[in-house]
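Welcome! Here is a short guided look at one protein model, arranged by topic so that you can follow along on screen.

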Amino acid sequence: MTAIFFSDEKITVVFVLGGPGAGKGTQCANPVQDYNFTHLCAGDLLRSEQERPDSDRIVPTKITAQLLVNEITNTVKDMEDGEGRFVIDGCPRAMDQVQLFEETICKSKFVLFFDCPEEEMRRRLLHRGKTSGRADDNLESIGKRFKVFVEQSMPVIDYYEERDRVVRVLANKSPEEVYKETRDKLVARMDKTY
């Protein structure tokens, strides 16, 4: 991929970032319902890719990007106008993904950042781990995931913040309260970008 794959005039991308357990997946369901966005979860796409028998366990950035391109393409091909709105949950996780996505796939409108204290995220993940079946919802894995988030993903948020492209939502409240703030800020920002 050497040129922009999708026009940001036809495709609206909002990245959704936050630490593990910040509520990204929970909150992404709301713009899907209220504003006709399609929710793409990078983590789910990667987990599916890793489960394929011929797949490497570590999925390179280019494959992550191609998985997202495939999902966007499959969604917009059925749209009459070829337009689509996407909330992409958990991507970009590192600066190499920012560069690849913004320069070759589509420029995002902004980043929706769910800012949540580590203690609250840990509590949520341990609670989720009781029923999720996810192998990474345990204390040891959670600690590693927090470290990776701070070292790799916070620079992404800083990068977008320097460009006035971050909508920060305090995510340590109830899901309903978080969505009220999210909705208000999303509507205000969408009015700026449309």
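In this predicted model, helices α3 and α4 each supply at least two residues of the lining of the largest cavity. The structure holds one cavity of 30 Å³ or more, and about 40 Å³ of space lies in the largest cavity. From there, the tour moves on to the cores, the strands, the largest pocket and a few unusual spots in the backbone.

**The cavity**

- Which residues line the largest cavity? They are Thr61, Thr64, Ala65, Cys91, Gln97, Leu100 and Phe101.
- By class, this lining has four nonpolar residues, three polar ones and no charged ones.
- Phe101 is worth finding on your screen, since you will meet its name again in the core: this residue is part of the cavity lining, and Phe101 also belongs to the largest nonpolar core.

**The nonpolar cores**

- In soluble globular proteins, nonpolar side chains tend to be buried together.
- In this model, the largest nonpolar core has 30 residues, and the members that touch the most others are Ile11, Ile72, Ile88 and Phe101.
- Two or more residues of this core come from each of β1 (11-18), α2 (42-51), α3 (61-76), β3 (84-89), α4 (95-105), β4 (110-115) and α6 (139-162).
- Which element gives the most to this core? Helix α3 does, with six residues.
- Leaving aside residues up to four places away in sequence, Phe101 touches Val13, Phe15, Leu68, Ile88 and Cys106.
- There is also a second, separate core of 22 residues, with Phe110, Leu112, Cys116 and Val167 among them.

**How the strands pair**

- Strands β1 and β3 run parallel and are paired over six bridges; in this pair, Val16 has Asp89 of β3 as its bridge partner.
- Strand β3 is also joined to β2, again in parallel, by four bridges, and here Leu40 has Ile88 of β3 as its partner.
- Ile88 is a good residue to pause on: besides pairing with Leu40, Ile88 is in contact with Phe101.
- Strands β1 and β4 run parallel too, joined by five bridges, with Phe15 opposite Val111 of β4.
- Strand β4 pairs with β5 (residues 166-170) in the parallel sense over five bridges, and Leu112 has Val167 of β5 as its bridge partner.
- Leu112 and Val167 are both members of the second core as well.
- Why is β4 largely enclosed by the rest of the structure? Five of its six residues are buried, so little of this strand is left uncovered.
- Strand β3 is mostly covered too, with five of its six residues buried.

**The largest pocket**

- The largest pocket has a volume of about 1,500 Å³.
- The pocket is lined by 48 residues, and those closest to its centre are Arg47, Arg93, Arg134, Asp136 and Arg145.
- Two or more lining residues come from each of β1, α1 (24-35), β2 (38-41), α2, α3, α5 (118-132), α6 and α7 (175-193).
- Sorted by class, the pocket lining has 17 nonpolar, 16 polar and 15 charged residues.

**A closer look at Leu46**

- Leu46 sits in helix α2.
- Is Leu46 buried or exposed? Its relative accessibility is 17%, so Leu46 counts as buried, given that buried means under 20%.
- Leu46 and Leu67 are 21 residues apart along the chain, and their C-alpha atoms are separated by 8.1 Å.

**Unusual spots in the backbone**

- Most residues other than glycine have a negative phi, and most peptide bonds are trans.
- The peptide bond from Cys91 to Pro92 is cis, with omega near 0°; Pro92 lies in the loop between β3 and α4.
- Cys91 has a place in the cavity story too, as one of the residues that line the largest cavity.
- Asn36 is not a glycine, yet its phi is positive, near 60°.
- Asn36 is found in the loop between α1 and β2 and is exposed, with a relative accessible area of 63%.
- Asp164 also has a positive phi, of about 55°, without being a glycine.
- Look for Asp164 in the loop between α6 and β5; this residue is exposed, with a relative accessible area of 55%.

How values were computed. Residues are numbered from 1 along each chain as its sequence is written. This is a predicted model: local features need pLDDT of at least 70, side-chain atom pairs count only at pLDDT 80 or more; totals for chains, interfaces and linings use all residues. Side-chain values use heavy atoms; hydrogens and water are left out. A nonpolar core is a set of buried Ala, Val, Leu, Ile, Met, Phe, Trp, Tyr and Cys residues joined through side-chain atoms within 4.5 Å. Buried means under 20% relative accessible area, exposed over 50%, partly exposed in between (1.4 Å probe, protein chains only). Contact means heavy atoms within 4.5 Å. On a 1 Å grid over the protein atoms alone, a cavity is a set of points where a 1.4 Å probe fits but cannot get out, and a pocket is an open set with protein on both sides within 12 Å along at least five of seven lines; lining residues have an atom within 4 Å of a point. Grid points are joined across faces, edges and corners, and a volume is the space filled by probe spheres set on the points. Ala, Val, Leu, Ile, Met, Phe, Trp, Tyr, Cys and Pro count as nonpolar, Asp, Glu, Lys and Arg as charged, and the others, Gly among them, as polar. Two strands pair if DSSP finds at least two bridges between them.
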